[in-house]
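This report introduces a structure to a reader who has not met it before. The text begins with one residue, turns to the ligand, and ends with the sheets.

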Amino acid sequence: MSVADASLDTTSEVDAVDKIPLEEIDVSQPHLFKNDSWRPWFARLRREAPVHYLADSENGPFWSVTSHDMVMAVNTNHKVFSSEVGGIAIADRDDQGELSKAVSFITLDEPAHAPQRNSVSPAVAPGNLMDLEPLIRERAADILDHLPVGETFNWVDKVSVELTARMLATLFDFPYDRRRDLIRWSDITTAVPKVTGEDNDMEERKAALMDCAMTFHQLWQERAAQPPKFDFISMLAHGKATKHHINDPFMMLGNIILLIVGGNDTTRNSISGGVIALNQYPEEYQKLRNNPELIPNMVSEMVRWQTPVIHMRRTALEDIELGGKTIRKGDKVVMWYLSGNRDENVFPDADRLMIDRPNARHHVSFGFGVHRCMGNRLAEMQLRVLWEEIMKRFKQVEVVGEVERLSNNFIRGVGHVPVRLHPH
Ligand code: HEM
């Protein structure tokens, strides 16, 4: 299938989904994301049951929330919808292997959540981002200047992963030559069978997480002994709400992994997704060439279009009415961000990338409420800087072959995007 057709669902796919009894629709099947065939599934739920109950699935019974307004309703009501009780992913904690016991502030409710978040959030606050921007620009430019012009290569590895690795190493003040370890640990963390639908090697995962824990334990001790700095490890090691985690390995590892995964998969896949989208909609690429001032809005639109985090899960702490349905205390509620971002009532022609879309920023890719993505400004800055530097150098980053996507119902991941560069 060519890049241009990639997101168009055939009539037969739409018909097939329409024939499934509504109560059996299961949007959590990882292959839907690998094949990129999820659109008619979510479209049907948004149309017929934006709050939908599935009584039985690989992940047990769960509610799917698929319209933009229902996603917002759950996301902004943290008093009823807990991140702590059952975790934030559709796969239950017990299905997360070695990380079942790890806790991070994204899996805490108030009042425990905010003080821990506040320990590290200054690292990605606007003031610090202004200081970081020149370094990120220099690192982005260096990557782009060393790309193999005239050859076909994998954009994901050479640009998306490399830039994200460099940025993460900067944020953690992590040994620069070991930066790819951060990517490896992050990739392994999100690869569990209930999420990927594949037979992941859990022994290899255990060894990698042990390596991660030991590396950060040592760095933490070193930073704790030095005066506080503006990197994530130093801020955790000195933060009032987090410094005691040196004696709580699961909490320490949990927060470190959160900060690695939070900044890795998401930004990486926005970079890859952006290239795919501009190739799929060449008229938008032309708009960008004519008007590079659209880059900041385009970044929001790319984050909406890609939706790097497919879902977030909550657990109801009490009975509640939502969209005319009664959710019971203890029920698992899954907010499908990917679907909220395709809601035609908010985003006309929602499957299309439109780099000047007036309300692109209303996307739900960063979530809302107390857990709203802590790194959202950093991610936007990184993407803006990268696209500014790309447009200085290349007329087009052309996708020249098949795009490979990951089998994963949590992270909307892209593994391979073969491209050729067309310099000015
Ligand atoms: C395009 C890029 C990104 C996307 C789409 C994204 C998406 C998200 C989402 C959906 C959440 C959960 C919100 C909720 O519960 O509803 C989240 C939380 C979080 N993100 Fe991001 N993220 C991105 C980049 C980053 C970066 C660069 C960092 C920096 C390290 C980061 C760090 C975090 C952290 C620490 C949290 C937890 C916040 C909390 O629980 O208070 N993210 N992100």
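In which loop does H371 lie? In this predicted model, H371 is placed in the loop between helix 15 and helix 16. C373 is found in that loop as well, helix 15 covering residues 337-340 and helix 16 covering residues 376-393.

**The surroundings of H371**

Is H371 buried or exposed? Buried means under 20% relative accessible area; H371 has a relative accessibility of 14% and therefore counts as buried. Leaving aside residues up to four places away in sequence, H371 touches S83, F105, I106, L108, H113, R117 and R314. With H113 there is also a polar contact, formed between the two side chains at 3.4 Å.

**The ligand and its shell**

The ligand contains an iron atom, and the protein offers this atom a single donor: the SG atom of C373, 2.3 Å away. The shell around the ligand comprises 28 residues, of which H113, R117, Y337, H371 and C373 come nearest. H371 thus appears again, here as one of the residues that come nearest to the ligand.

Several side chains place an N or O atom close to an oxygen atom of the ligand, as the following table sets out.

| Residue | Ligand atom | Distance |
|---|---|---|
| Y337 | oxygen | 2.4 Å |
| H371 | oxygen | 2.7 Å |
| N75 | oxygen | 3.4 Å |

Which element supplies the largest share of the shell? Helix 12 does so, with seven residues. Helix 12 spans residues 249-280, and at least two shell residues come from each of helix 5 (113-120), helix 12, strand 5 (311-316) and helix 16.

**The sheet of five strands**

Strand 5, one of the contributors to the shell, also belongs to an open sheet of five strands. The order in this sheet is 1-2-8-5-3, and the pairing is mixed. At its edges stand strand 1 (51-54) and strand 3 (81-82), each of which pairs on one side only. Helix 4, residues 68-75, packs on this sheet and touches strand 1, strand 2 (62-65), strand 3, strand 5 and strand 8. The direction of helix 4 makes about 130° with that of strand 8.

Strand 8 consists of residues 332-336 and pairs with strand 5 in the antiparallel sense over five bridges. Within this pairing, H311 has W336 of strand 8 as its bridge partner.

**The sheet of three strands**

A further open sheet is formed by three strands in the order 4-12-9, with antiparallel pairing. Strand 4 (153-154) and strand 9 (394-399) each have a single partner strand, so one side of each is left without a neighbour in the sheet. Helix 16, which also supplies residues to the ligand shell, packs on this sheet and touches strand 9 and strand 12. Its direction makes about 105° with that of strand 9.

How many bridges join strand 9 to strand 12? Five bridges join these antiparallel strands, and Q396 stands opposite H422 in strand 12. Strand 4 pairs with strand 12, residues 418-423, over two bridges, also in the antiparallel sense. There F153 stands opposite V419 in strand 12.

Key. Residues are numbered from 1 along each chain as its sequence is written. This is a predicted model: local features need pLDDT of at least 70, side-chain atom pairs count only at pLDDT 80 or more; totals for chains, interfaces and linings use all residues. Side-chain values use heavy atoms; hydrogens and water are left out. Donors are N, O and S atoms within 2.8 Å of the metal (3.2 Å for Na, K and Ca); water is not among the atoms, so sites may look incomplete. Helices (H or I, at least four residues) and strands (E, at least two) are DSSP runs, numbered from the N terminus. Two strands pair if DSSP finds at least two bridges between them. Contact means heavy atoms within 4.5 Å. Axes are lines fitted to C-alpha atoms, for helices over the stretch in contact, and angles run from 0 to 180 degrees between N-to-C directions. Buried means under 20% relative accessible area, exposed over 50%, partly exposed in between (1.4 Å probe, protein chains only). A polar contact is a pair of N or O atoms within 3.5 Å; within protein, one must be able to donate a hydrogen and the other to accept it, and residues adjacent in sequence count only if both atoms are side-chain atoms. A residue is near a molecule or strand if one of its heavy atoms lies within 4 Å of it.
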